[in-house]
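Me: I am a first-year student, and I would like a close look at a single part of this structure. Could you take me through the aromatic rings in one connected answer and explain each term as it comes up?

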Amino acid sequence: MESRVLLRATATVAGNPQLRRPIGAIHRQFSTATSSFTAFAKPIGAIGEGGNLISGRQLRPILLLDSSPEKREILKPVRAAAAEGGDSAGETKVGFLGKYPWLITGFFFFMWYFLNVIFNILNKKIYNYFPYPYFVSVIHLFVGVVYCLASWSVGLPKRAPIDSKLLKVLIPVAVCHALGHVTSNVSFAAVAVSFTHTIKALEPFFNAAASQFILGQSIPGTLWLSLAPVVLGVAMASLTELSFNWLGFISAMISNISFTYRSIFSKKAMTDMDSTNVYAYISIIALFVCIPPAIIVEGPQLLKHGFSDAIAKVGMTKFISDLFWVGMFYHLYNQLATNTLERVAPLTHAVGNVLKRVFVIGFSIVIFGNKISTQTGIGTGIAIAGVAMYSIIKAKIEEEKRKGKTA
């Protein structure tokens, strides 16, 4: 753009005899303009002090021109040439979605909730006639990996290269992701979806404990106090849960611990690669981690009567289509969650994540007609409220830390 503008400016001067002047005079004016430009150009957001930070990354400095009349005179010839050439640099047209970005953000939230609810409902329906969570977990990841490979093949997105160093830091993340995913599905298959999500509301408690005692980070007292209702609510819900069994409860707890360690390893594996490619590589590694346990634990049963029983109950076409769509919904809702986080502030995403859990619990109770006791309902509500308080307080603390670093 700059080169076209300068060429047009040169052509304008050459074609107008009144604008021709000796080379020495032009050189002196250009030197004066350059020194003036350097004097009043300044970076936005105090780059030297860590400004222009988005998600912890420093962007290239942008020069902000002073709008004083004296300094604006320097750019008049170039602006005039640009205007004669038909380029209205100062009149950038903004599309409809550009004027209303909240529509796109709202769409992301809607699709995130919708896909998550559909995944949980379809996943539980599959377990009602095909109770093999290890195999189903493999299918979730397999469909997502095929989707990623197909997307890479058409360049949407372009595949980011990976080296041995990045692979080494992603493997622990993927292993924890695989373990958390499998144990979550074991819990979904064993107990009601609403109860599993109630137990998984304890995940912030494990995150705080790991940060305090493993990473050595100081956790404010307000955060610990906000977690008290979470622990109390989960305890109340567990005591009177009609679908309670130890396999479902322990599996959900292991899932919480696994995802906690996934968060710890993710912080150590920070990379400049975009989130879509990172999640794709994690899914590929996690798939290879999940296959051996599925073969060992469920392989003989699947070959003996697992597949045949499922096909006899619902038919081959529905069985295959259910597995395909549950895998697709799993991958897409996780990808939408990541994309939504990139579009909004951490506080907004934290509140959205809590509301998502409320939607899933509510819809699962309605769809499956799960009967819950009054104490279970009250306990679930207290746990969700505690998670909401924790998420809001934590997001505000992190926001204050970022502002302190950029100040």
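Reply: Phe135 is buried, because its relative accessible area is 19%, where buried means under 20% relative accessible area, exposed means over 50%, and partly exposed lies in between, with a 1.4 Å probe and protein chains only. This is a predicted model, in which local features need pLDDT of at least 70 and side-chain atom pairs count only at pLDDT 80 or more, while totals for chains, interfaces and linings use all residues. Residues are numbered from 1 along each chain as its sequence is written, and side-chain values use heavy atoms, with hydrogens and water left out.

A search of the whole structure finds 27 aromatic pairs; rings of Phe, Tyr and Trp (for Trp, its six-membered ring) pair if their centres lie within 6.5 Å, and planes under 30 degrees apart count as stacked, over 60 as edge-to-face and the rest as tilted. In one of these pairs, Tyr129 and Phe319 have ring centres 6.4 Å apart and planes at 70°, so they are edge-to-face. Because Tyr129 belongs to helix H6 (residues 101-129) and Phe319 to helix H14 (residues 316-343), this pair ties together parts that are 190 residues apart in sequence; helices (H or I, at least four residues) and strands (E, at least two) are DSSP runs, numbered from the N terminus. Tyr129 counts as buried at 10% relative accessibility, and Phe319 is buried too, with a relative accessible area of 4%.

Phe135 itself pairs with Phe307: the ring centres are 5.3 Å apart and the planes stand at 80°, so this pair is edge-to-face. Since Phe135 lies in helix H7 (residues 133-153) and Phe307 in helix H13 (residues 275-314), the pair ties together parts that are 172 residues apart in sequence. Phe307, with a relative accessible area of 26%, is partly exposed. Ring pairs link these four residues with Phe130 and Tyr132, giving a cluster of Tyr129, Phe130, Tyr132, Phe135, Phe307 and Phe319.

Phe135 also appears in the largest nonpolar core, which has 44 residues and in which Trp112, Ile126, Phe130, Phe135 and Leu323 have the most contacts; a nonpolar core is a set of buried Ala, Val, Leu, Ile, Met, Phe, Trp, Tyr and Cys residues joined through side-chain atoms within 4.5 Å. The elements giving two or more residues to this core are H6, H7, H8, H13 and H14, and H6 gives the most, with 12 residues.
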